[in-house]
Amino acid sequence: MITTILAAAGAAPEAENPYGLKAALEEGGLISQSVFAILVLMSVVSFYILFSKLFEQQKVMNQGKRVRQSFWQANSLREGSAKLEKNSAYKQLVDDGLAAQEQHEKLTDPVEAHDWLHGSLARSEATINTKLSSGLSFLATVGATAPFIGLFGTVIGIYRALIKIGSSGQASIDAVAGPVGEALIMTALGLVVAVPAVLAYNWLQSRNKAIARDLSAFSTDVLGSLASGGAVRPATVGATTAKAASPTTTTAKPTGAGATTTAGQTGGVQTRA
């Protein structure tokens, strides 16, 4: 009996959904099919930009972590730059700063060294930020236009459906609901494409702003090091750890007239006997 039921089920042809996506594309004709192809292309490109930008941003963030840990432990900027990755955004900032310092010595028109270096580093930052932001305008365009493209497909689908219903002379609810409902699928597809694009755009923009803040802070540190000949540099992680681990010592001098006792290495309370 079970074999008979399975055989009958296998022999029965699969009924096509009269109100699905395929029916909507057939109802809308060439225009609806073109709108569907455009929305699919937008969605594919949007997800490609999302994943490629996430990979690129994460690479720069990892470079920033390594820079904070080891770069400022080098004896000079040139030595620290040699230890960075070849295509690192932070290496580009350092190399541009060093090149600007060499170029300043060749200038015949007197320009303040600080202004020249600051302008060169700012230009380098802008180049990096522009590269990180490339492609995001496409996501913004998709988020703004995809619902209207889907709505256009819906309008054309409804128009064709109404013409077909009018020519057939059937104005019952079952004759109207099917074709109109099929046309509304295009609006839903437009929203499905637009919402992920808007979310991806906002997320990538926030990550770019975080990277830009780190690059700006690093650029300021590089400028300070260049302007001071390497004397000014931020506290490194290793130096901070070593300072925290060093014990506090107390140095006592013999008490007497005019003698001074100092508690701790720095910042001690002085008492005069």
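Among the contacts in this chain between residues separated by 6 or more positions, 72% join residues that stand 24 or more positions apart. The model is a predicted one, and the paragraphs below follow its chain from the overall layout to individual residues. The chain has 273 residues, and 30% of them are buried. Its secondary structure consists of 9 helices and 2 strands. Read along the sequence, the helices come before the strands, in the pattern α-α-α-α-α-α-α-α-α-β-β.

A useful place to begin is helix α4, which runs over residues 89–104. This helix contains 16 residues, and at 1.5 Å a residue it should span 22 Å; its end C-alpha atoms are 23 Å apart, which agrees with that expectation. At the N-terminal end of α4, Ser88 acts as a cap, with a side-chain oxygen 3.2 Å from the backbone nitrogen of Tyr90. The buried residues of α4 are Ala89, Tyr90, Lys91, Leu93, Val94, Gly97, Leu98 and Ala100.

Two of these buried residues, Tyr90 and Val94, lead into the interior of the model. The largest nonpolar core is made of 22 residues, and those with the most contacts inside it are Phe71, Leu77, Tyr90, Val94, Leu215, Phe218 and Val222. Helices α2 (21–70), α4, α5 (113–133) and α8 are the elements that give two or more residues to this core. Tyr90 shows how distant parts of the sequence meet. Leaving aside neighbours within four places in sequence, Tyr90 is in contact with Val60, Gln63, Gly64, Val67, Leu84, Asp214, Leu215 and Phe218. A second core, separate from the largest one, has 9 residues, among them Val35, Ala146, Ala194 and Ala197.

Helix α2 also carries residues whose side chains make polar contacts. One of them is Arg66, which lies in α2. The relative accessible area of Arg66 is 40%, and this residue is therefore partly exposed, since that class lies between the limits of 20% and 50%. The side chain of Arg66 makes a polar contact of 2.3 Å with the side chain of Glu85. Beyond neighbours within four places in sequence, Arg66 is in contact with Phe71 and Glu85. Arg66 and Leu84 are 18 residues apart in sequence, and their C-alpha atoms are 8.7 Å apart in space.

Lys53 is likewise found in helix α2. Is Lys53 buried or exposed? Its relative accessibility is 7%, so Lys53 counts as buried. The side chains of Lys53 and Ser134 are joined by a polar contact of 2.8 Å. When neighbours within four places in sequence are set aside, the contacts of Lys53 are with Lys131, Leu132, Ser134 and Leu204.

Helix α8, which covers residues 185–227, contains Asn208. Asn208 has a relative accessibility of 6% and therefore counts as buried. With which side chain does the side chain of Asn208 make a polar contact? The partner is the side chain of Gln57, at 2.8 Å. Not counting residues up to four places away in sequence, Asn208 touches Gln57, Leu132, Ser133 and Leu136. Ala212 is also found in α8. With a relative accessible area of 22%, Ala212 is partly exposed, because buried residues must fall under 20%. Ala212 and Asn129 are 83 residues apart in sequence, yet their C-alpha atoms lie 6.7 Å apart in space.

The final topic is the space between the atoms. The largest pocket holds about 290 Å³ of space. It is lined by 13 residues, and of these Glu56, Val60, Asn87, Ala89 and Lys131 lie nearest its centre. Helices α2, α4 and α5 each supply at least two residues of this lining, and the largest share, 5 residues, comes from α2. Ala89 and Val60 have both appeared before: Ala89 is one of the buried residues of α4, and Val60 is one of the contacts of Tyr90.

The structure also holds 3 cavities of 30 Å³ or more. The largest cavity has a volume of about 60 Å³. Its lining consists of Met42, Ser43, Ser46, Phe47, Leu50, Val142, Val192, Val193, Pro196, Ala197 and Ala200. The elements that give two or more residues to this lining are α2 and α8. Ala197, which helps to line this cavity, also belongs to the second nonpolar core.

Notes: Residues numbered from 1 in each chain as written. Predicted model: local features only at pLDDT ≥ 70, side-chain atom pairs only at ≥ 80, totals over all residues. Heavy atoms only, no water. Helix = DSSP H or I, 4+ residues; strand = E, 2+ residues; numbered from the N terminus. Expected span 1.5 Å × (residues − 1). Buried < 20%, exposed > 50% of the residue type's maximum accessible area, 1.4 Å probe, protein only. Polar contact = N/O pair within 3.5 Å; in protein donor to acceptor, adjacent residues only side chain to side chain. Contact = heavy atoms within 4.5 Å. Core = buried A, V, L, I, M, F, W, Y, C linked by side-chain atoms within 4.5 Å. 1 Å grid on protein atoms, 1.4 Å probe; cavity = no way out; pocket = protein on both sides within 12 Å on 5 of 7 lines; lining within 4 Å. Points joined across faces, edges and corners; volume = space filled by probe spheres on them.
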